[in-house]
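Please look at the predicted model shown here, and keep two topics in mind while reading: the empty space in the protein and the surroundings of the DNA.

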Amino acid sequence: MPELPEVETTVRGLAPFLEGQRLTAVTTFRPDLRRPFPVDLAQRLTGATVTTLSRRAKYGIVSTDRDDHMIFHLGMSGRWRTEGGEAGKHDHLLLETGAGQRLFLHDPRRFGSVDLVSGDPLTRFPAFMALGPEPLADAFDAACLASALAGRRAPIKAMLLDQAIVAGLGNIYVCEALNMAKISPLKPAADISRAKLAALVPAIKQVLAAAIAAGGSTLRDFLSPEGDLGYFAKDWRVYGREGGTCECGGTIARVVQSGRSTFHCPKCQR
DNA sequence: CGAAAACCCTGAGTGC
DNA sequence: TGCACTCAGGGTTTTC
């Protein structure tokens, strides 16, 4: 389940393989993922040199010296892998570099996507225009969050999953941050006190930063023994721990909100 | 308009 | 062993 930290880890992991490298071949093994690959993807990328790897929300960006930017989303099950020279089941895209590196985009559920934009992707990629602030940026603070949540009656859990409110959180880190900040996921967003919001913002930043740090340390050189880039295991505070014990001593509960599991502690999250 | 539900997809897990 | 079924969920679209 790649959320912001997994994508950040993936981008950092891909960087040494791609930055400064010429793309000698770009191959697709099917016409689409969630949506069609750009028809001219291979033609525009082949022969280009990768300049930088970056991230916006849950999207990774591979920029080239032709001012073309390949934007990938890992969806639910996407990852990049380096092991094995040949394409296997669920490998959908292959990047080959001048150094002889082969990088496969592997995505069994195909919820991911690959797009290509010319010019600054932050202003040229439609999906980026609707995104809220990066949660780790200084601009994301209590005032910013309070303003975005003003008047919103939906549960705070749903609001934090809305990428227009804050960009990059998924189900896991929303559950974790709300537990850390002792806020009920069921509470209408606009009803949360300013003091609680002031606690929520650093909780979000801390949960994400810790996960990125764990990714970096768990995946030595960001490459797992299986050759996967960007995945790591972690012990969660509440996620996936229904019936377990919260830090406060309470019992962790699971409820379903908008068809999605929410894990929380009814005792300390109010 | 906001909010909830449907949809896409396949592997893992469960019960019989 | 195998089959039917449920669940996981990010983002987009549809419905209420």
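## Pocket and DNA surroundings

In this predicted model, the largest pocket holds about 780 Å³ of space. Its lining is made up of 23 residues, and those closest to the centre of the pocket are K58, H73, G75, M76 and R260. Two elements, α7 (171-180) and β11 (260-264), each give two or more residues to this lining. At the level of domains, at least three lining residues come from domain 1 (4-129), and at least three from domain 2 (142-264). Sorted by class, the lining of the largest pocket consists of ten nonpolar, eight polar and five charged residues.

Turning to the DNA, strand C is surrounded by 13 residues, of which R34, H73, R109, F111 and Y239 are the closest. The surface near DNA strand C has five charged residues, together with four nonpolar and four polar ones. Among the atoms of DNA strand C that lie within 4 Å of the protein, 51% belong to sugar or phosphate, while the rest belong to bases.

Which atoms of DNA strand C do the polar side-chain atoms of R34, H73 and R260 lie beside? The table lists the partner and the distance for each residue.

| Residue | Atom of DNA strand C | Distance |
|---|---|---|
| R34 | base nitrogen | 2.2 Å |
| H73 | phosphate oxygen | 2.5 Å |
| R260 | base nitrogen | 2.9 Å |

H73 and R260 thus appear in both parts of this report: they are among the residues closest to the centre of the largest pocket, and the side chain of H73 has an N or O atom 2.5 Å from a phosphate oxygen of DNA strand C, whereas a polar side-chain atom of R260 lies 2.9 Å from a base nitrogen of that strand.

How values were computed:
Residues are numbered from 1 along each chain as its sequence is written. Chains are lettered from A and ligands numbered from 1 in the order in which they are written. This is a predicted model: local features need pLDDT of at least 70, side-chain atom pairs count only at pLDDT 80 or more; totals for chains, interfaces and linings use all residues. Side-chain values use heavy atoms; hydrogens and water are left out. On a 1 Å grid over the protein atoms alone, a cavity is a set of points where a 1.4 Å probe fits but cannot get out, and a pocket is an open set with protein on both sides within 12 Å along at least five of seven lines; lining residues have an atom within 4 Å of a point. Grid points are joined across faces, edges and corners, and a volume is the space filled by probe spheres set on the points. Helices (H or I, at least four residues) and strands (E, at least two) are DSSP runs, numbered from the N terminus. Ala, Val, Leu, Ile, Met, Phe, Trp, Tyr, Cys and Pro count as nonpolar, Asp, Glu, Lys and Arg as charged, and the others, Gly among them, as polar. Domain bounds come from an automatic or database domain assignment. A residue is near a molecule or strand if one of its heavy atoms lies within 4 Å of it. A polar contact is a pair of N or O atoms within 3.5 Å; within protein, one must be able to donate a hydrogen and the other to accept it, and residues adjacent in sequence count only if both atoms are side-chain atoms.
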